[in-house]
Amino acid sequence: MTRPQTAARAPLLDIRALHTHFETQRGTVRSVNGVSLHVGAGEIVGLVGESGCGKSVTSFSVMRLIPSPPGSIVGGEIIFEGEDLLKKSDAEMRAIRGRSISMIYQDPMTSLNPLRSIGVQIAESVALHEGVSQRQGMQRAVEMLQLVGIPLPAQRVNEYPHQLSGGMRQRVMIAMALACNPRLLIADEPTTALDVTIQAQILELLQRLKRERGMAIVLVTHDLGVVAETCERVVVMYAGRVVEEADVTSLFKHPLHPYTQGLLDSIPRMHEEQERLFVIEGEVPDPLDPPPGCRFASRCPHAMPLCREAEPALVEYAPGRKAACFIAGERFNTQASTS
Ligand SMILES: Nc1ncnc2c1ncn2[C@@H]1O[C@H](COP(=O)(O)OP(=O)(O)O)[C@@H](O)[C@H]1O
Ligand SMILES: [Mg+2]
């Protein structure tokens, strides 16, 4: 018997109305303000937005690694494989982290121990989660280094982080994250610190892992150029909220939110030496004291008086096609009639 096409499979990860705050001397920073997004098994989803929009706080919330105090997850649900991670004990989360969900960070040195060889570090993680011996763990480490394209893995496994180049370290961190074959990988700006060639190799590696291992990936980036090459679906965040969600093709062809349009217009073109033709004027509003209405209004070329008074809800215009903007409906209809 075949399953009816309409029976949508439950997503692997389903974040619902997440709120994560930090208590500071200046007041409560509402870094993540009602974020909902989902990731299907084996899917690569881009999470984009300028610096300070709440991408990392969202990612660390999923890992339950928000430093507390000052931070705390004050609302919402994070459903992973049908269970709410926010209801898990610390011990249960330790078993999930690294095994079912892994995260890689922008700066590999923050997660690599400078005093231990990379092989030992990978082996320890495998030994912890799978109860295998240190020797079997080392064997896995060599396999993982090979998988992520490190030459001479049997030799390299004995080296220390400082002996490796930035690109190699990033690969080691990916190898470590993947050693227990997680179903979900959260990659937080994994290529930001790397040069363009290495960046392309790492992105290609992520795509290969998705293809060969069916791993789901959340690719966090401020760069829509990276998304275009790698992701299937995109969630755009602005000032702690989701402002648009779409498949990659629709997002690039017909962005519905003026913020997304601004991000697209500011992608550096090839051969222009990274020179940007356009930047979105102004800054992300202070999360301590966000303005009333739409948070993008002060920077938006289309802002109307209403935008400064009322906050537009995230509306679904077609399956998987959402935007939080008062003119998104109009933009959606124009696109429907022109394509
Ligand atoms: N430990 C913290 N204490 C106070 N504010 C924080 C802390 N961590 C993050 N924030 C604030 O939360 C907001 C979102 O940050 P972040 O998720 O790191 O942005 P992104 O990853 O999109 O660049 C920012 O305004 C940042 O200053
Ligand atoms: Mg970040």
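## A first look at helix 1, ligand 1 and the salt bridges

In helix 1, the buried residues are Lys55, Val57, Thr58, Ser59, Ser61, Val62 and Met63. Because seven of the nine residues of helix 1 are buried, this helix is largely enclosed by the rest of the structure. Before going on, please keep in mind that this is a predicted model. Just after helix 1 comes Arg64, which takes a positive phi of about 55 degrees.

**Around ligand 1**

Helix 1 is also a good place to start with the ligand. Which element gives the largest share of the shell around ligand 1? That share, three residues, comes from helix 1. Strand 1 (13-24) and helix 1 (55-63) each supply at least two residues of this shell. The full set of residues surrounding ligand 1 is Phe22, Thr24, Ser31, Glu50, Ser51, Gly52, Cys53, Gly54, Lys55, Ser56, Val57 and Pro287. Sorted by class, the shell holds six polar, four nonpolar and two charged residues.

Some backbone atoms come within a few ångströms of ligand 1, and you can look for these in the structure. A backbone N or O atom of Gly52 is 2.7 Å from an oxygen atom of ligand 1. For Gly54, a polar backbone atom is 3.0 Å from an oxygen atom of the ligand. Ser56 also takes part, with a backbone N or O atom 2.9 Å from an oxygen atom of ligand 1. On its own, ligand 1 has 560 Å² of accessible area, and the protein covers 68% of it.

**Salt bridges**

Now to the charged side chains. Side chains of opposite charge can pair when their charged atoms come close. How many salt bridges are there in this model? The count comes to 18 salt bridges. Here are three of them, with the distance from N to O.

| Salt bridge | N to O distance |
|---|---|
| Arg16 and Glu77 | 3.4 Å |
| Asp84 and Lys87 | 3.6 Å |
| Glu311 and Arg241 | 2.9 Å |

Arg16 and Glu77 form a salt bridge with their closest N and O atoms 3.4 Å apart. Arg16 belongs to strand 1 and Glu77 to strand 4 (residues 71-80), so the pair ties together parts that are 61 residues apart in sequence. Arg16 is partly exposed, with a relative accessible area of 38%, and Glu77 is partly exposed too, at 30%.

Are the partners Asp84 and Lys87 buried or exposed? Asp84 counts as buried because its relative accessibility is 11%, which is under the 20% cut-off. Lys87 is exposed, with a relative accessible area of 67%.

The side chains of Glu311 and Arg241 meet at 2.9 Å, N to O. This pair links distant parts of the chain, since Glu311 sits in the loop between helix 10 and strand 11 while Arg241 is in strand 10 (residues 241-247), 70 residues apart. Glu311 is partly exposed, with a relative accessible area of 36%, and Arg241 is partly exposed at 26%. Elsewhere, salt bridges that share partners join Glu43, Arg233, Glu245 and Lys322 into one network.

**The loop between helix 10 and strand 11**

The loop that holds Glu311 also contains Met304, between helix 10 (258-265) and strand 11 (315-318). Met304 counts as partly exposed, at 31% relative accessibility. Together with Leu306 and Phe326, Met304 makes a nonpolar surface patch of about 220 Å². Ser298 lies in this loop as well, and Ser298 counts as exposed at 59% relative accessibility. The C-alpha atoms of Ser298 and Leu37 are separated by 26 Å, with their positions 261 residues apart along the chain.

**Backbone details**

Some features of the backbone are worth a look too. Where do cis peptide bonds occur around Pro69? One joins Ser68 and Pro69, with omega about -10 degrees, and another joins Pro69 and Pro70, with omega about 10 degrees. Pro69 is found in the loop between helix 1 and strand 4, and so is Pro70.

Glu81, in the loop between strand 4 and strand 5 (83-84), has a positive phi near 45 degrees although it is not a glycine. Glu81 is partly exposed, at 38% relative accessibility. Glu189 has a positive phi of about 50 degrees and is not a glycine either. Glu189 lies in the loop between strand 7 (184-188) and helix 7 (196-213), and Glu189 counts as buried, at 8% relative accessibility.

Notes. Residues numbered from 1 in each chain as written. Chains lettered and ligands numbered in written order. Predicted model: local features only at pLDDT ≥ 70, side-chain atom pairs only at ≥ 80, totals over all residues. Heavy atoms only, no water. Near = heavy atom within 4 Å. Polar contact = N/O pair within 3.5 Å; in protein donor to acceptor, adjacent residues only side chain to side chain. Areas by Shrake-Rupley, 256 points an atom, 1.4 Å probe, with all protein chains shown as cover. Helix = DSSP H or I, 4+ residues; strand = E, 2+ residues; numbered from the N terminus. Nonpolar A, V, L, I, M, F, W, Y, C, P; charged D, E, K, R; others polar. Patch = residues over 30% accessible without salt bridge, like charges linked within 9 Å, V, L, I, M, F, W, Y side chains within 5 Å. Salt bridge = Lys/Arg side-chain N within 4 Å of Asp/Glu carboxyl O. Buried < 20%, exposed > 50% of the residue type's maximum accessible area, 1.4 Å probe, protein only.
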